[in-house]
Every structure is written in C-alpha cells, then in structure tokens.
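Visitor: I am new to this structure and would like to learn how to read it, one feature at a time. Could you take me through it slowly?

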Amino acid sequence: MGELMGSKQSRLQADAKTAWGGFINLGHRLAQGPNEAGDGQGFDKWLNEMLFCDPVLPGMIAKLTSALAGQGWKLVGGRNTARLTSHVLENADGGRGWFHFSEAVARSYLCRDMGGFVELARLYPPQVDADGDLITPLAPVTALYNMDSTKARWVRDKLNPLRYEGLPSGSMAFSTWWIGQATPTPIGGAGIVRCTGATSIQSC
Amino acid sequence: MTDWEQGNLDPDFIDAILLLTGADEEQFGQAMAAREQAIDSKGNAAKRLAVLANLSDEVKAQLLFLRRRPESLEQFEARVRMIYEGYAMNLGRDISFWFPSPYSARAYRTKNEVQGEERAAVESNVFHPKLQEALQRYVVPQTVHFEFNNPAVSDRDELFRLRGFAAVAKTLYESYQEDNTGARQYLITQAEARLYLAEADARFGRLTVEQEPSSETQNDMDLARTIDKPYYAELPAVQSLTEGYRRGWWPDEQLIERRWQFDKLTGHETVAQRSRPWRVADLA
C-alpha cells in the first residue's frame, strides 16, 4: 500500500487557510469593527473594504444591482419636453447611460450607510440669498451624475451642507440645490442634516 | 371527455372509498386482500370500493360513498379535498402539489436561492419607488410623468406561476390509462401539451396565427382611444400639463410615450417612442 494520496483540490489540502483566507479574515475583521463608530463616512469605507473579502457577497450584489438597473421605465408628456427629459435620463453619467447610472446609484444605496447621491446639473445655477433660500425658480435639470458617496461628507454649512472630497485638486463644496440625496438611511447623513437644521436639502 | 363522463356508469367505476387512517402495512394488506376476495366472489361490482390508507395516528376507518349526496357544505368540501389528496398521494405528493404558490414551491429551491430572491424582492420594492419619487420631484419637469414599468424587479411570483403550468402539463403528459391488455392511452399528446403551455404564457412557445385569438374590434387604435385616454388624463403630470395649457403657459403639443428597456440577454438598451393619438388640447 502506498501512502495516502492527498486531494488535488485546494480546499481539501493542508493549506486550505490560503484558499479560504479571505473568508476567515472577514470574520476576524468583522469582529474588530470600524475605527470610529460615529463616523458615517469612515464606516462606509470600512464596509467597502470588508465587502471584497467575502467570496460570495460581491457576486450577489452585482446580480442585484444589475437587476435593479435593468428595470425599464416610461415617460409620458408633451413631445418636446418628454424628448428632452428622456435625453437627460438616457445620457446620464456623462453619456454612459441610464443602466450605468442607476447601477451605480443602486450599489451606493445597497452598500453604503450614506445612501446614494445624485448630482444634478442645471441650466443655470440657483440664485440664493444670504440665508440660503431660493430667490428665483430652479432651472431645468440638464444632466445627471452619480456621486461616490464614500467621498461625500456632510459639513456644518447651511449653504453648502455637502462636500465632495474625491477631486484631485482637493475638496469642492456643493450647493444644496445641486445634490439630490436619493436614499439616506436613518443612521446615515440625513440625521446629521436634521441636527444642523438645514431643512432645505433635497432628500427623500 | 365523453368516455370519462360516461365512464362512471361502468360497473367497475369507483364510487366508494374506504379511508384507513393510521393503518400499518399489514393492515392495509389485509384490507386489500379482503377487497380482492370480494371482487373474486361478487365480480366487477366490488371494484366500486377503493381503499386508501394514510400511515399516521391511530387506525380509523371511514367509508365514503362518492355518489351519495353530501349532507353539508363542510362534508362536500372535505370530500373534494380528500379526492385531491388521494390523487396527489397517488403521485407521491401532498395536496399542495395541486396548488402551486410562492410558498409551496419553495420546496424545490435551495436556501441561497430563496434568500437571494427574498432580498431582491424586498430591496427592489424599496429602491424603485424611492428613485421614482426622487426623479419625479427633482429631475423630471412637472409636466412629464415618469414611471418604472414594474416597481418590483423580482419576477419570482411570475416564475412560480409558470412553474405551476409546467407541472400540470408534465403530469397530464405522463398520465395514462391502461386497459386489460396493457395498452396505454395517454391523456394528452406532446403537441397538446405544447399548445397548452403556449396558451398559458408566451415564454413557453408561440402560437401560430390560426391559434391566436383575434380581437373583436380589429381596430387597435379604437381600443387605445377607449382604454388609454382616461389613464393618461388621470396622471398628475398630464393634469398639470393640461392645466398649464388652459392658462396659456404651455403650447399645444402631441402627447408621446417614451420607453427605456434593457435586454438582459444581450445587454442592449433600447428606447422606443410612440405618439399617442391625442394632443394636449384633446385632454384639456
């Protein structure tokens, strides 16, 4: 009798810990928890790192987000206005298209504590007074862009309560009227906004 | 069908059932042997009594006469249920086999599948209404109506419905009657099973032109006028459009419907636009 043959499958070999290392690490790191408990953005960043340690979860999320993004829609209205609006939606995210746009928003919504953010480009910037209240009616939306919510941060500023920190040249402040927060979660940024009293933020 | 209807007049057609609850195999064997003896001595007429056994609880025998009129609605319901149960038992299933529902059909799925579908159904039911509302409020002009085709992404319920049709077609196709010579007569042919499925849902197959039922009006435009007009007029966006038209804010325009669709197989996005047969002035 020869010696017992080992399996050629890595999961049954002695170094199985290498094959399932990510999964085991996930358990360790989940037990450790995030660094700062009150920091919504830090929590999101930590969760985002966690996510890709799991062998199954990214696939499930990809499947779910593409299902959400693939849902058809319709517009009904007068010919010219409906065509223009449809053009904005079909060319969202700088021409990448509705599927790309809504997939990114859905991923952001599903995976992040901050929820999803959408940047609205308008025909002309909103005119506000010193208190941040609108003087003129809002201009029509001309483009939609998904925003990376891990790089968006709520700040204590009534005029520009949201700061986007993903720009190479540094951070950029956004006016309230430029940002529509698609889906804040209760423990996400919405609570912070309510505390600062910036009730004019467009959220739902 | 005629054979089946007149068949219950045959001398060996079952018209009574002996239901044994909690009988073990030996007792069931004895009951069947007694039945065989009765058939030998009395001829075909004795075949009218069938024996059903259910291996649970204590032994309880119940004799049911199928031709006797039920005395109450409960009794009638119980009898119908028993026949369903008996037939399902014959196929090695329980009664839920005849009533495919999202819950009964879960038995065929893995835990991962069920949980994934649950999650998708829940999340999609939250995500799409929210996104739809946000777009309608902040992006889409107030005179244009935006709507997702179906806010719920998961077609789970639809798939379970289709699964039910497939199960019935399979059962019918596999069922047969056998006469004394051993020749089998199948309930439906393969072509009939296909036709049944194609009638149930287009995903199973296509009907030929002759098989397609033709509409009575033969005039789709008339149909569209009668069905869609109230629907369009009731949309809040269309109402504000017509209101603005009445006040002279907006010009008279042709009403259009524009759809965005995504083909999951090819990954292609398509946009389809159709003009509706009315202008804003027609609805105002």
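Visitor: Which residue in β8(B) is the bridge partner of Ile256(B)?

Guide: In this predicted model, where strands are DSSP runs of E with at least two residues, helices are runs of H or I with at least four, and both are numbered from the N terminus, Ser275(B) of β8(B) is the bridge partner of Ile256(B). Residues are numbered from 1 along each chain as its sequence is written, chains are lettered from A and ligands numbered from 1 in the order in which they are written, local features need pLDDT of at least 70, side-chain atom pairs count only at pLDDT 80 or more, and totals for chains, interfaces and linings use all residues.

Visitor: How many bridges join β7(B) and β8(B), and what lies between the two strands?

Guide: Two strands are said to pair if DSSP finds at least two bridges between them; β7(B) and β8(B) pair in the antiparallel sense over eight bridges. Their hairpin has six residues between the strands, and in it Gly267(B) takes a positive phi near 80 degrees.

Visitor: What is the order of the strands in the sheet?

Guide: In a regular strand the side chains alternate between the two faces of the sheet. Here the sheet is open and has four strands, in the order β4(B)-β1(A)-β7(B)-β8(B), with antiparallel pairing. Its edge strands are β4 and β8 (269-279) of chain B, each of which pairs on one side only, and the twist from one strand to the next averages 15 degrees, where axes are lines fitted to C-alpha atoms, for helices over the stretch in contact, and angles run from 0 to 180 degrees between N-to-C directions.

Visitor: Which residues are the bridge partners of Val76(A) in β4(B) and in β7(B)?

Guide: The partner of Val76(A) in β4(B) is His145(B), while in β7(B) the partner is Glu257(B). β1(A) runs antiparallel to β4(B) (residues 145-148), with four bridges joining them, and pairs with β7(B) (residues 254-262), again in the antiparallel sense, over six bridges. Opposite Lys74(A), in β7(B), stands Arg259(B).

Visitor: How many residues of each chain are in contact with the other?

Guide: The size of an interface is often given as the accessible area lost when the parts come together. Counting residues instead, with contact meaning that C-beta atoms, placed from the backbone, lie within 7 Å, 35 residues of chain A are in contact with 43 residues of chain B. On the side of chain A that touches chain B, α5(A) gives the most, with seven residues. That helix, α5(A), also lies across β1 of chain A together with β7 and β8 of chain B, running at about 150 degrees to β1(A).

Visitor: Why are α4(A) and α7(A) called oblique to each other?

Guide: Angles under 35 degrees count as roughly parallel, over 145 as roughly antiparallel, 65 to 115 as roughly perpendicular and the rest as oblique. The axes of α4(A) (residues 57-69) and α7(A) (residues 98-111) come within 8 Å and cross at roughly 130 degrees, and the two helices are therefore oblique. Residues making the contact include Ile61(A) and Leu64(A) of α4(A) and Phe99(A) and Ala106(A) of α7(A).

Key
Contact = placed C-beta atoms within 7 Å.
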